[in-house]
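The following exercises concern the pockets of a protein model. Please study the structure before working through each solution.

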Amino acid sequence: MRPAAPADVPAVRAVTDAAYHHYIERIGLVPAPMEADHAADVAAGRVFVAGDPVRGLVVVRAEPGHLYLDNVAVHPDAQGTGLGRRLLAFVEDRARALGLPEVRLLTNAMMWENQRMYERYGYEVVERRKDGPYDRVHYRKSLP
């Protein structure tokens, strides 16, 4: 894992789009991570990438009392390799390094695979709510 550099923005966009594109038909909307300002996130130091070429990434933001995981994306070619698990472990290590006791995230209620994954790795549902056109499940994980 390394911080993304400006030259990584096209790869960040490509991995994010590849990871989320198949959800468009299911949820009837373009998933929010596909519409993110990737260049601004990279410039702000919020994006960390894995692989050469980039095969996975996380977008994180330190908030009061927690680290917010805004996006975790694994290119379909790298799914099933454990990269998602390593990305989540990185996020938890990052939160600890920043002195933050919790990780929070959300996912679309129609992204069942993501929900199973987060729950498998110890994230608990906080709430489900509509945010504009999105039906989202909010999660948190307290860190030891």
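**Exercise 1.** State the volume of the largest pocket and identify the residues closest to its centre.

*Solution.* The structure is a predicted model. Step 1: the volume of the largest pocket is about 470 Å³. Step 2: this pocket is lined by 22 residues, and those closest to its centre are Val74, Gln79, Gly84, Asn114 and Met117.

**Exercise 2.** Determine which elements supply at least two residues each to the lining of the largest pocket, and describe that lining by class.

*Solution.* Step 1: the elements are helix H1 (9-20), strand E4 (66-74), helix H4 (83-97) and helix H5 (112-120). Step 2: H5 provides the largest share, six residues. Step 3: sorted by class, the lining contains 11 nonpolar, seven polar and four charged residues.

**Exercise 3.** Carry out the same analysis for the second largest pocket.

*Solution.* Step 1: the second largest pocket holds about 300 Å³ of space. Step 2: among its 23 lining residues, Tyr20, Ala32, Pro33, Asp70 and Leu106 lie nearest the centre. Step 3: two or more lining residues come from each of helix H3 (38-43), E4, strand E5 (102-108), H5 and strand E7 (134-142). Step 4: E4 contributes the most, with five residues. Step 5: the classes are 15 nonpolar, five polar and three charged residues.

**Exercise 4.** Which residues does the UniProt domain annotation cover, and what is the helix and strand content there?

*Solution.* Step 1: the unreviewed UniProt entry annotates residues 1-144 as "domain: N-acetyltransferase". Step 2: over residues 1-144 the chain is 33% helix and 33% strand. Step 3: the end C-alpha atoms of this stretch are 22 Å apart.

Key: Residues are numbered from 1 along each chain as its sequence is written. This is a predicted model: local features need pLDDT of at least 70, side-chain atom pairs count only at pLDDT 80 or more; totals for chains, interfaces and linings use all residues. Side-chain values use heavy atoms; hydrogens and water are left out. UniProt positions are given in the numbering used here, feature names are shortened, and annotations may be inferred rather than shown by experiment. Helices (H or I, at least four residues) and strands (E, at least two) are DSSP runs, numbered from the N terminus. On a 1 Å grid over the protein atoms alone, a cavity is a set of points where a 1.4 Å probe fits but cannot get out, and a pocket is an open set with protein on both sides within 12 Å along at least five of seven lines; lining residues have an atom within 4 Å of a point. Grid points are joined across faces, edges and corners, and a volume is the space filled by probe spheres set on the points. Ala, Val, Leu, Ile, Met, Phe, Trp, Tyr, Cys and Pro count as nonpolar, Asp, Glu, Lys and Arg as charged, and the others, Gly among them, as polar.
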